[in-house]
There are 2 protein chains.
Amino acid sequence: MKIDPDSAADLSAQIAEAIRSAIVSGELNVDERLPSETELSDHFSVSRPTVREALKRLAAQSLIRTQRGATGGAFVNRIRYQDAYADQVTNATLLLSMNQISFDTACEARFALERACARLAAARRSADHLATMRAEIHRQSQPGLTDEAFCASDVTFHRALVDSAGNPVLSYQLAGAVEAMQPLMNMITFSARDRARIVALHTRIADGMEAQDDVAVSRGLSELEDETRALATSVFAARAAKP
Amino acid sequence: MKIDPDSAADLSAQIAEAIRSAIVSGELNVDERLPSETELSDHFSVSRPTVREALKRLAAQSLIRTQRGATGGAFVNRIRYQDAYADQVTNATLLLSMNQISFDTACEARFALERACARLAAARRSADHLATMRAEIHRQSQPGLTDEAFCASDVTFHRALVDSAGNPVLSYQLAGAVEAMQPLMNMITFSARDRARIVALHTRIADGMEAQDDVAVSRGLSELEDETRALATSVFAARAAKP
DNA sequence: AGACATTTAAAAGTCTGACAAATGAAAATT
DNA sequence: AATTTTCATTTGTCAGACTTTTAAATGTCT
């Protein structure tokens, strides 16, 4: 692990990168303890605050955790599924909100990915997953539900669908696509008739899951995609007409 | 933006979280300048080093950038596709290498996702993408290619396929699945016969793309999945037999 | 007046040295 | 032997100073 004091980059960034690559390459193993901050500042010939800034960068990426006390120090983290998942959602949300990604593009990607899970999900769905989907459909049918609650329930429904595939990698990848769209979906006002159509499609999808009929699930998702895009188009058009 | 000095968490973590949520919620806009470090340390009643540690956490996530000089300071970053992409690949790689995710699970997810792109990719593929795929197939046919180079070419081929869909969200999501598997693939030794079979399947996929026949592409991907998994199984079995 | 050089102020980057708080291990006491 | 106390180690935080970078303001010359 070496750094170049003459480089243009910040020292703390260089040090963070040196340690990060040692972790990613496997040079440092999970739960292994890094040298103390004093030792690191000695090794890199910088002050302790500089080392600390570097360590904070790594902590922000959940690559290390720190612990105080006599046997404390910085330890290499096992990347937890939960952390990576949260990161994934944050990143995807910001990408969608800050950049010029249209609702249509996001919607297209989301449903394409979701259909990718259809076959596995239909084949492997558990009674639990099915029950969750039914329960969310029931909730979505309740009158007086706010649009936000309706959207949140929608996300839960689709997460149950994705999780049914029983593949953690798929669940992880889909997290971004499904949850990142929630802020966009929240901008939509759902009329009673809109909700009825969505609930009907959800029911068809759940029926397909129950029958383990992946083609039906896939078809339901495609129709839901069309419905969602049409809804968004009309909402955005109406909003553009009278600001 | 407030913090609780009595909380168990580090002050720098709390401050980072306060600013982060201001950014994600849109309270702070892209390219907006944050207060100077001195002002922030005043506002939160902490020292400047503590504020700096918080800012480094955010910088590590590419949420802000800092600039020195008279008009310098910390600015809210527009999340660049490239940064999010790199982050996505790092996270996915660590998840796969550090946790108990089997080759089969990763492989299943990857090809399911890739098939999700097939229809759009076949419909929208440009001449450029097709040319890239053909060129990589040609490279893969060269004798004397190292296994690493073969894998790298494989990644390029599949990235071209995914990018053909013309949907940046799909490209982003797939990045993790495809590139994170490269280290796993690199553990495989490809015999000449293995390579020939893979090249044949790649050719069928490229032919399907040229004919804009998404069913053929999808079928090609499924067969490639079977081939890859069988290959991995035999390699791992052989490795287990004689260590 | 306009172009160029100089000064200056603001801000991040870094360093030194210190103290506080947490924590586990060793030593002392009961 | 069990419990309490002490102690060394390590991270967390602070204060203050100095350096470097940067751009704007100022001054100077043509």
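**Entry 1: ground rules.** The expected span of a helix is 1.5 Å times one less than its number of residues. I take helices (H or I, at least four residues) and strands (E, at least two) as DSSP runs, numbered from the N terminus. This is a predicted model, in which local features need pLDDT of at least 70, side-chain atom pairs count only at pLDDT 80 or more, and totals for chains, interfaces and linings use all residues. Residues are numbered from 1 along each chain as its sequence is written, chains are lettered from A and ligands numbered from 1 in the order in which they are written, and side-chain values use heavy atoms, with hydrogens and water left out.

**Entry 2: helix α1 of chain B.** I checked the length of α1(B), residues 11-24. Its 14 residues should span 20 Å, and the end C-alpha atoms are 20 Å apart, so the two agree. Next I looked up burial (buried is under 20% relative accessible area, exposed over 50%, partly exposed in between, with a 1.4 Å probe and protein chains only). The buried residues of α1(B) include Ile15(B), Ile19(B) and Ile23(B). Arg20(B) is buried too. Among the elements covering them, by contact (heavy atoms within 4.5 Å), are α3 and α4 (81-98) of chain A. Chain B contributes α2 (37-44), α3, β1 and β2 (73-76). After α1(B) comes Gly26(B), with a positive phi near 90 degrees.

**Entry 3: helix α6 of chain A.** Which residues of α6(A) are buried? I found Leu130(A), Met133(A), Glu136(A), Ile137(A) and Gln140(A). They cover an arc of only 125 degrees around the axis (taken from the directions from the helix axis to the C-beta atoms), which puts them on the same side of α6(A). An α-helix has 3.6 residues a turn, so residues three or four places apart point the same way. On the other side, Ala127(A), Asp128(A) and His138(A) are exposed. The cover over the buried residues includes α7 (147-163) and α10 (192-210) of chain A.

**Entry 4: DNA strand C.** I counted a residue as near the strand if one of its heavy atoms lies within 4 Å of it. There are 23 residues around strand C, and among those that come nearest are Leu11(A) and Arg52(B). Of the strand atoms within 4 Å of the protein, 69% belong to sugar or phosphate. I then looked for polar contacts (N or O pairs within 3.5 Å). A polar side-chain atom of Asp10(A) lies 3.2 Å from a phosphate oxygen. A backbone N or O atom of Leu11(A) lies 2.9 Å from a phosphate oxygen. A side-chain N or O atom of Arg48(A) is 3.4 Å from a base nitrogen.

Key: A polar contact is a pair of N or O atoms within 3.5 Å; within protein, one must be able to donate a hydrogen and the other to accept it, and residues adjacent in sequence count only if both atoms are side-chain atoms.
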